[in-house]
Amino acid sequence: MNEPTITIKETADHREEVITLTDMDVHYSYKKEGYPDQKVLDGPFLQNVKGERKCEGRYKDGEKHGMWAYYVNNPQHPMARDYFENGALVKNEVLHNDGHHIRMVSTYDNKEHPVKQVTYGDDGKTIIKLDVFQNGLIKEENTVVPEGQEQVVYTYDAQFKLTEKRHFLNDELVKVEEI
């Protein structure tokens, strides 16, 4: 294996480094103040594998910030996007293969525990499943079904034990099962 090469570019307040391995290159940007003793990531981040974009995002004062996009099969369309505030994950989107329509959206609390997860149909708009969480544990599962079919909503306690099933037909509650 070849040794990695590091290319450095200086700007007024940042030092940009590109680390190139055999088939991967990673682009970092550091705050110039305190460098190299304190390497504080700040600015754009980009990872390419075999010349194709795989991950891109931004750091602010050493923390992930804003949108981060992840590419799998097509470097033009992300398969997932994460959103960060002050280094904490607040939202995740999983996209259809076209990179445009949303397949699933998850939101998180300030401890990065899931709060809500919505799954969409092939059109990226029709909700087919909605899960609600409490303290990171599933609290309620809702599967959305076509009109005329029964929908069952499952409710869980804090120990993830199923406590109730609510049956709906055409949005009307028809039966409640206490477990």
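**View 1. Asn92 of β9 meets its partner in β10.** The bridge partner of Asn92 in β10 is Ser106. As you look at this close-up, keep in mind that the model is predicted. Strand β10 covers residues 102-108, runs antiparallel to β9 and is joined to β9 by 5 bridges.

**View 2. The hairpin of β8 and β9.** On to the other neighbour of β9: strand β8 (residues 80-85) pairs with β9 (residues 88-95) in the antiparallel sense, and the pairing counts 6 bridges. One residue to find here is Phe84, whose bridge partner in β9 is Leu89. The hairpin has 2 residues between the strands, and Asn86 takes a positive phi near 50 degrees.

**View 3. Leu89 and its surroundings.** Leu89 belongs to strand β9. Is Leu89 buried or exposed? Its relative accessible area is 14%, and because buried means under 20%, Leu89 counts as buried. Beyond its neighbours within four places in sequence, Leu89 makes contact with Asp82, Tyr83, Phe84, Tyr108, Asp109 and Glu112. Lys64 is 25 residues from Leu89 in sequence, yet the two C-alpha atoms are 8.6 Å apart in space.

**View 4. The largest nonpolar core.** Nine names to pick out: Val26, Tyr30, Leu41, Phe45, Cys55, Tyr59, Trp68, Phe84 and Leu89 make up the largest nonpolar core, which has 9 residues. Strands β3 (24-31) and β5 (52-60) each supply at least two of these core residues. In soluble globular proteins, nonpolar side chains tend to be buried together. Val26, one of the core residues, touches Glu17, Val18, Ile19, Phe45, Leu46 and Gln47, with residues up to four places away in sequence left out of the list.

**View 5. Aromatic rings, linked and stacked.** How many aromatic pairs does the structure hold? There are 7 aromatic pairs. One of them is Tyr156 with Phe160, a stacked pair with 5.0 Å centre to centre and 10 degrees between the planes. Tyr156 counts as buried at 12% relative accessibility, whereas Phe160, with a relative accessible area of 47%, is partly exposed. Elsewhere, ring pairs link Tyr28, Tyr30, Phe45, Tyr59, Trp68 and Phe84 into a cluster.

**View 6. Two lysines over aromatic faces.** Which residue lies over the face of Trp68? Look for Lys64, at 4.6 Å from the ring centre of Trp68. The face of Tyr83 has Lys91 over it, at 5.1 Å from the ring centre. Trp68 may be familiar from the views above, as a member of both the ring cluster and the largest nonpolar core.

Methods:
Residues numbered from 1 in each chain as written. Predicted model: local features only at pLDDT ≥ 70, side-chain atom pairs only at ≥ 80, totals over all residues. Heavy atoms only, no water. Pairing = 2+ DSSP bridges. Helix = DSSP H or I, 4+ residues; strand = E, 2+ residues; numbered from the N terminus. Phe/Tyr/Trp six-rings, centres within 6.5 Å; stacked < 30°, edge-to-face > 60°. Buried < 20%, exposed > 50% of the residue type's maximum accessible area, 1.4 Å probe, protein only. Lys NZ or Arg CZ within 6 Å of the ring centre and 35° of its normal. Core = buried A, V, L, I, M, F, W, Y, C linked by side-chain atoms within 4.5 Å. Contact = heavy atoms within 4.5 Å.
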